[in-house]
Amino acid sequence: MTSTSKLRAGLIGLGAMGRNHARVLQIVDGVELVGVAEPNGDGNNVLRGIPVFPTVADLIGVGLDYAVVCCPTGLHEEIGLQLAEAGVAALIEKPLAPSVEASRRLVDAFESAGLVAGVGHIERYNPALQSLRTRLESGELGDVYQVVTRRQGPFPHRIADVGVVMDLATHDIDLTAWVTGQAYTSISARTVSRSGRPHEDMVAAVGQLQDGSMVSHLVNWLSPLKERSTVVTGDRGCFVADTLTADLTFYANGAINTEWEALRSFRGVAEGDMIRFAIPKREPLLVEHERFRDAVEGKDSDIVTLRQGLRTVEVSAAVLQSARTGATIGVAPIG
């Protein structure tokens with residue numbers, strides 16, 4: 001590719017998330033969306049004349065630098081292996097694959113081909129979490145004691161092939177390890193299925209990270225309340241990231257004594273200043289595409305690698321194993 005030419009990108013799948021990717025691929029600098037593989041065609045008219053092909057092989061045939069995989073999770077392995085064999089870099093929507101074994105095969109295929117590949121864990125590009133990670137890295141919170149996430153809302157009818165653990169909890173597993181820089185060492189979980197579907201639709205999980213800090217995840221798609229919250233507590237206070245609004249707030253431990261005895265007894269921990277940070281709020285999906293574009297061009301870029309995506313699938317599998325057995329499951333160290 002010359003310095004003036006654009007990367008030729010393809011898109012596989014035009015479901016709800018695929019349509020979002022199509023929109024961004026048509027506006028990201030340095031990229032041209034040259035075709036889409038979707039057997040059902042462009043029923044929503046989002047492609048502005050971009051050709052639609054019935055198969056992935058047809059799409060590969062037009063010549064691609066990379067492809068974005070937005071088909072159902074159960075097809076990720078088959079399509080990913082097809083792209084790797086054709087020498088096409090890939091950004092694969094999360095989760096990487098529905099099983100640890102399938103995820104490993106994808107890692108091996110792209111690494112052995114020497115191709116750039118990433119996983120679409122979009123929460124890493126949320127402005128609130130980007131700012132939170134930077135502040136934790138710089139030590140603003142001191143030692144981290146606990147990470148608590150809550151992710152709940154109504155059932156997404158786009159999902160048919162996986163449960164809430166693989167669809168939603170993978171967000172929280174990935175972002176927790178990423179913002180803290182710590183790997184999971186153990187997890188314990190309970191799941192229920194209340195919607196009549198074969199997969200779980202609610203999970204509560206607790207676990208531990210390498211540094212001994214605790215994690216807690218509450219995830220469901222049974223609630224009319226939509227909530228996306230990450231709370232990190234440490235020895236200097238706590239950060240609260242709302243990824244729906246991309247707001248980050250810091251609640252400091254107080255240094256001022258409360259002389260009102262009744263109020264002090266009621267509130268417990270001393271209160272300090274509360275700061276809501278003013279942070280730039282760019283669209284996470286656009287930032288994700290810019291980072292992946294840079295990686296394909298050979299630039300230094302912060303993408304979610306397939307090995308990181310594999311680790312998230314490994315922890316998610318441990319969540320499901322714990323729910324089945326009632327046991328706390330150890331997660332093997334990253335090797």
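**Reading a predicted model: a tutorial dialogue**

Modeller: Let us begin with Gly 13, which is found in the loop between β1 and α1 (16–25). Please keep in mind throughout that this is a predicted model.

Biologist: Is Gly 13 buried or exposed?

Modeller: Buried means under 20% relative accessible area. Gly 13 has a relative accessible area of 7%, so it is buried.

Biologist: Which residues is Gly 13 in contact with, leaving aside its neighbours within four places in sequence?

Modeller: Gly 13 is then in contact with Gly 18, Ala 37, Glu 38 and Cys 70. In addition, 6.8 Å separates the C-alpha atoms of Gly 13 and Val 69, although these residues lie 56 residues apart along the chain.

Biologist: In what order do the strands of the open sheet stand?

Modeller: The open sheet has six strands in the order β3-β2-β1-β4-β5-β6, and their pairing is parallel. β3 and β6 (117–120) are at the edges with a single partner strand each, so one side of each has no neighbour in the sheet. Helix α8 (residues 284–296) packs on this sheet, where it touches β1 (7–12), β2, β4 (66–69), β5 and β6. The direction of α8 makes about 155 degrees with that of β5. At the β3 edge, β2 and β3 pair over two bridges, and Val 36 stands opposite Val 52 in β3.

Biologist: How should I read the strands β8, β9 and β10?

Modeller: Here the strands run antiparallel: eight bridges join β8 (residues 184–192) to β9, and seven join β9 to β10 (residues 214–220). As examples of partners, Val 192 is bridged to Met 202 in β9, and Ala 204 stands opposite Leu 218 in β10. β9 and β10 form a hairpin with four residues between them, and Gly 212 in the turn has a positive phi of about 95 degrees.

Biologist: Which side chains of β9 point to the buried face?

Modeller: The side chains alternate along β9 (residues 202–209). Val 203, Ala 205, Gly 207 and Leu 209 point to one face and are buried, whereas Met 202, Ala 204, Val 206 and Gln 208 point to the other and are not.

Biologist: What backbone values deserve attention?

Modeller: Most residues other than glycine have a negative phi, and most peptide bonds are trans. Arg 48, not a glycine, has a positive phi of about 50 degrees; its place is in the loop between β2 (31–37) and β3 (52–53). Ala 246, in the loop between β12 (237–242) and β13 (247–253), also has a positive phi, near 60 degrees. As to their surroundings, Arg 48 is exposed, with a relative accessible area of 69%, while Ala 246 counts as buried at 9%.

Biologist: Where is there a cis peptide bond?

Modeller: A cis peptide bond joins Lys 94 and Pro 95, with omega about -10 degrees. Pro 95 is found in the loop between β5 (89–93) and α4.

Biologist: Which residues touch the most other members of the largest nonpolar core?

Modeller: Among the 59 residues of that core, they are Leu 11, Ile 12, Leu 25, Tyr 66, Leu 83, Leu 96 and Phe 110. Helix α4 (residues 100–113) supplies the largest share of this core, six residues. A second, separate core has 36 residues, including Leu 136, Trp 178, Ala 241 and Ile 279.

Biologist: What does Leu 96 touch, not counting residues up to four places away in sequence?

Modeller: Leu 96 touches His 76, Ser 103, Leu 106, Val 107, Val 119, Leu 306, Gly 309, Leu 310 and Val 313.

Terms used
Residues are numbered from 1 along each chain as its sequence is written. This is a predicted model: local features need pLDDT of at least 70, side-chain atom pairs count only at pLDDT 80 or more; totals for chains, interfaces and linings use all residues. Side-chain values use heavy atoms; hydrogens and water are left out. A nonpolar core is a set of buried Ala, Val, Leu, Ile, Met, Phe, Trp, Tyr and Cys residues joined through side-chain atoms within 4.5 Å. Buried means under 20% relative accessible area, exposed over 50%, partly exposed in between (1.4 Å probe, protein chains only). Contact means heavy atoms within 4.5 Å. Two strands pair if DSSP finds at least two bridges between them. Axes are lines fitted to C-alpha atoms, for helices over the stretch in contact, and angles run from 0 to 180 degrees between N-to-C directions.
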